[in-house]
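Here's a quick briefing on the backbone of this one, covering strand pairing first and the odd torsions after that. Have the model open while you read.

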Amino acid sequence: MPDVKISIRRNGSLHVEGPFTLIDSNGQEIPINKPAISLCRCGHSNNKPFCDGSHKTCDFQGAEAHILAAEAAAAGSGAQ
Ligand code: FES
């Protein structure tokens with residue numbers, strides 16, 4: 001069975017490796033000519049669905065970073 005590996009990059013894209021097929025919203029296959037791609041998770045890419053690095057300039061925080069920041073802020077204010 002082929003393995004597909006999807007890695008969530010810290011405050012960045014979803015990195016997809018392995019044999020996979022990418023289908024657009026019209027049901028059409030998007031040709032992929034390389035073994036790995038990065039999909040945009042921040043919504044700011046000018047080349048969706050692919051990551052173009054825009055997450056670095058839009059201050060994107062993945063959910064995990066956002067939760068940690070919120071928890072740290074709550075701990076600092078005495079809120080629980
Ligand atoms: S995750 Fe990289 S441009 Fe959106």
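Let's start with one residue pair: I6 has V16 in β2 as its bridge partner. Keep in mind that this is a predicted model. From that pair we can work outwards to the sheet, and then to a few backbone angles worth a look.

**The sheet**

- β1 and β2 run antiparallel to each other, with four bridges between them.
- On to the next pairing: β2, residues 14-17, also lines up with β5 in the antiparallel sense, again over four bridges.
- If you want a residue to click on there, H15 sits opposite S38 in β5.
- Put together, that's an open sheet of three strands in the order β1-β2-β5, with antiparallel pairing.
- The edge strands are β1 (5-8) and β5 (36-39), each of which pairs on one side only.
- From one strand to the next, the twist averages 20°.
- As a general reminder, strands of a sheet pair through backbone hydrogen bonds, and they can do so parallel or antiparallel.

**The hairpin and N11**

- The hairpin of β1 and β2 has five residues between the strands.
- N11 belongs to the loop between β1 and β2, and its phi is positive, about 55°, although N11 is not a glycine.
- For background, most residues other than glycine have a negative phi.
- Is N11 buried, partly exposed or exposed? It counts as partly exposed because 17 C-beta neighbours lie inside 10 Å, a count between the 12 or fewer of an exposed residue and the 20 or more of a buried one.

**The loop between β5 and α1**

- This loop leads to α1 (63-77), and P49 is found in it.
- Which residues does a cis peptide bond join? They are K48 and P49, with omega at about 10°.
- In general, most peptide bonds are trans, so give this one a second glance when you check torsions.
- D59 is found in the loop between β5 and α1 as well.
- Phi of D59 is near 60°, which is another positive value in a residue other than glycine.
- Why does D59 count as exposed? The reason is its 9 C-beta neighbours inside 10 Å, as the cut-off for exposed is 12 or fewer.

**The short version**

- Two residues to flag for positive phi are N11, at about 55°, and D59, near 60°.
- For omega, the one to flag is the cis bond between K48 and P49.

Definitions and conventions
Residues numbered from 1 in each chain as written. Predicted model: local features only at pLDDT ≥ 70, side-chain atom pairs only at ≥ 80, totals over all residues. Pairing = 2+ DSSP bridges. Helix = DSSP H or I, 4+ residues; strand = E, 2+ residues; numbered from the N terminus. Axes fitted to C-alpha atoms, helices over the stretch in contact; angles between N-to-C directions.
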